[in-house]
Amino acid sequence: MKKITRRIGQKKQRTAVVRKTKVTPLVEATSQASLSFPIVGLGASAGGLEALEQFFGEVPKECGIGFVVVQHLDPTHKGILAELLQRNTTMPVVQIKDRMKVEPDHVYVIPPNKDLSILHGVLHLLEPAAPRGLRLPIDFFFRSLADDQHERSLGVILSGMGSDGTLGLRAIKEKAGAVFVQTPASAKFDSMPWMAIDAGLADVIAPAKKLPGKIIEYLKHVPLLVRPEHDIAEKDQSALEKVVILLRAQTGHDFSLYKKSTIYRRIERRMGLHQITKIVDYVRYLRENSQESNLLFKELLIGVTSFFRDPAVWEELRNKIIPEFLATRQHKGVLRAWTVGCSTGEEAYSLAMVFKEALEQIKPAKNLSLQIFATDLDKDAIDKARTGIYPANISADVSEERLRQFFVMEENGNYRVRKDIREMVIFAPQNLAMQPPFTRLDFVTCRNLLIYLDAELQKKLMPLFHYSLNPGGILLLGSAETIGTATDLFTPLANKLRIYRRLDTSRHANFTEFPAAFTRARPDTTVASSTQGGGGTLSPTPNLQSLADQLLLQRYSPAAVLVTNEGDILYVSGKTGKYLEPAAGKANWNLFAMSREGLDNALSEAFHKAVRKKSVVTLKNVKVGTNGGTQLVDITVQPLSNPQALRGMVMVVFMDVSKESMAKAPDSSKRTTIHNARVTAMAKELQQAHEDLQAARDEMQTSQEELKSTNEELQSMNEELQSTNEELTTSKEEMQSMNEELQTVNHEMQAKVDELSRTGNDMKNLLDSTDIAILFLDEALLVRRFTTETASIIKLIPGDVGRPISDIVTALNYPSLVDDSREVLRKLVLIEKQVSACDGRWFTVRIMPYRTQENRIDGVVITFTDISVPKRLEAALRKTQSDLQERFTHQMVKLDEAEKNLQTEINQRPRSKPDGKRTPGSDHTPKKP
């Protein structure tokens, strides 16, 4: 035994020497460290050992990859995972030490009770944030791996419980890395694989033993792993544009204004996953497989986000920016915010939470609320954001206080955003480059979206955000984004944190390009550029046509208003003060309410005639009362049918009649003298008609106001119904979730029932095989269970279960059975007796307490051991002993008689004389009997 132990120790020493020669555990970390090989991070939890053994059993020698294994380990036990994995691979497997450099063809295993990070290819061990509690070591390392290795990072998720690893995989995807997930059906615990798959992060799904081959094939077809960024300009632009065209045709979204490098990098990832070497072949594959278009579309969206990303930004918003902004607002009102590119909603909800926290800090309190519009191109992400359900690993980004205040933990361990926070956010799909923006906003957040767009689109978005914001509104950009040249539109409030305030400026007021104009400049409309003052600053040359049109509109075009078919003013062009003026009282922007004296009746008649006949109506020489005089005006009312955006509206144009035209007019009064009487009569009739018309107009306005009120009520009801519909949808989803949980519980209970049934069968067979009569009684001495042998001693049948033992007839001569059982329950002391039966059998009766696993007394157990045979043997032995005793006594009596006879005979013989002569008859000595 000592020799075997010595050999094992020598073998371990030799193995340790070999490992030390292959691995340099401690190296100096340098900022210049550069790796030319990929690093694969493997995350596993429960059941992960088997999956890891299968994985490394298929990794070929000299594959050129570094492997880092992160598993949930017990912090109080020594880690032996490295030794276990070494049996399945020829690569050196070592437990990580601080500042250990990653090398290819090596496996590194995280030690217990440590968090792992990587910087320039060097592994660093950190103390966990808390000794115990929810730890997410896989997420922590995957995020660090993505930030350090970028596209050379690969994440693998194997068997495990919980959701650890999902957030880290998002970071890897953002950096153009790849994600490989074990097939849930092949995993002992499929929670972690399913979380990665449901989040849409898995690039490859396969059993653990097949993943190494998938990884190696992928790496063979990803040239960007070693290709510098500037080579992108040399790519096949024609094939790239065809991919963009196919995406636009199949998904309806145009990616032509995205950065070419970003698009090509994502395309190459898809090519690597499909082992396609040429982009021309990928174009053909894309045309033949419509599903690939959707996958590439998801790939280009890069839906990577998290709660309170860049914590310093949110702290600045909560403690300074939002309180200062709210201090200038009224005590009541609704603020509006727009979160652009919200993905799955984490950023929108973060803004709502920070606003709540900031509002609570304001003294005196203000009754303000925030309405957030959150938009994204990905409809699936929007649907997920509406539910407000997030995995348990968000605790890595959300503090415990915020989790308690703004979230509710569900039974499956996920967190759900509270209803009051969810109601602050309205999610909607939107294409920022194609659909109109929200307006009258107080906050706009557009973080980590601009970095994926080319400079042309970025330049057009800044004026758009400026147009959307109210004066003094706040713009929040990502850490790698800036406002560019739009310094006259926004001023920095916290430049390093990319927080800006809207400036009041007239620039772009008339030239803001809305989404419909987001197209590239055509060659024939190229705007020239020039430098000013030698400073090298480029400024666009003014558009002469636009300036000329603007000048004509301001100085020479007639005054006009654009109104609805009910007369509500939508747009005013030119100076209309001579014809329209605000009415006294509550503000009313209706054309008829604002028309000056002399104009109201004529304008109303012409307007309704034009709307009714859908034709142009012109009024000549209408006398309008102006300040201190009158003015003749020509009025043109034109219903609009084109363009589509103006259909249903009405244009009203006012044009003054010049004094020269009035002078040239013939003197009509001289020619109409004979008709004065007729004119007077007609004037009276006209006056009466005007009065009737005015009464009809008043009634119509009253009806319109009632209709408006009814319309507002209907709109309010519609909003309530929409809200109710959303709540019902949410309730339906909750019911579906509860149904799934109940099904899971049902399966678990069924498994328990099957297990108990098997245990019961095993127990029955065990008791029957012992041939011992056993009787189980509860605390009230009621029959609970008995073996078949017991029925031959006590007259028991299956129907006697639950009856008192005192009511059952027994063949034992044991009247104190019940009293002894109670004594055992009272004193908890074993009682054992030998008892005879009426049929001559004997039994050893053993009464002992019945103890549960919780050490609780729950009755007694009585065993009846048949000792009839030993009793018969004992009786026979006693009889034999009695017979032997009698024989022995008889022999002893005979012996005593013989001895007495001998003694008598001796006494009767003659004795010798003093001189030594013998008496007669004493010639011989008698023998002893």
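Over the ring of which residue does the charged end of arginine 784 sit? In this predicted model, the answer is tyrosine 850, with the charged end of arginine 784 placed 5.2 Å from the ring centre. A similar arrangement can be described for arginine 402, whose charged end sits over the ring of phenylalanine 308, 4.0 Å from the centre of that ring.

Aromatic rings also meet one another. Searching the whole structure yields 19 aromatic pairs. One of them joins tyrosine 349 and tyrosine 390, whose ring centres are 6.3 Å apart and whose planes stand at 80°, an edge-to-face arrangement. Because tyrosine 349 belongs to helix α13 (residues 346-361) and tyrosine 390 to strand β13 (residues 389-390), this pair ties together parts that are 41 residues apart in sequence. Tyrosine 349 and tyrosine 390 are both buried.

Phenylalanine 407 and tyrosine 415 make up another pair: with 6.2 Å between the ring centres and 75° between the planes, the pair is edge-to-face. The angle decides the label here, because planes over 60 degrees apart count as edge-to-face. Phenylalanine 407 has a relative accessible area of 3% and is therefore buried. Tyrosine 415, at 10% relative accessibility, also counts as buried, since the cut-off for that class is under 20%.

How do these rings fit into a wider picture, and which residues form one aromatic cluster? The members are Phe307, Tyr349, Tyr390, Phe407, Tyr415 and Phe427. The cluster thus includes both tyrosines of the pair between helix α13 and strand β13, along with Phe407 and Tyr415.

Methods: Residues are numbered from 1 along each chain as its sequence is written. This is a predicted model: local features need pLDDT of at least 70, side-chain atom pairs count only at pLDDT 80 or more; totals for chains, interfaces and linings use all residues. Side-chain values use heavy atoms; hydrogens and water are left out. Rings of Phe, Tyr and Trp (its six-membered ring) pair if their centres lie within 6.5 Å; planes under 30 degrees apart count as stacked, over 60 as edge-to-face and the rest as tilted. Helices (H or I, at least four residues) and strands (E, at least two) are DSSP runs, numbered from the N terminus. Buried means under 20% relative accessible area, exposed over 50%, partly exposed in between (1.4 Å probe, protein chains only). A charge sits over a ring if NZ of Lys or CZ of Arg is within 6 Å of the ring centre and within 35 degrees of the ring normal.
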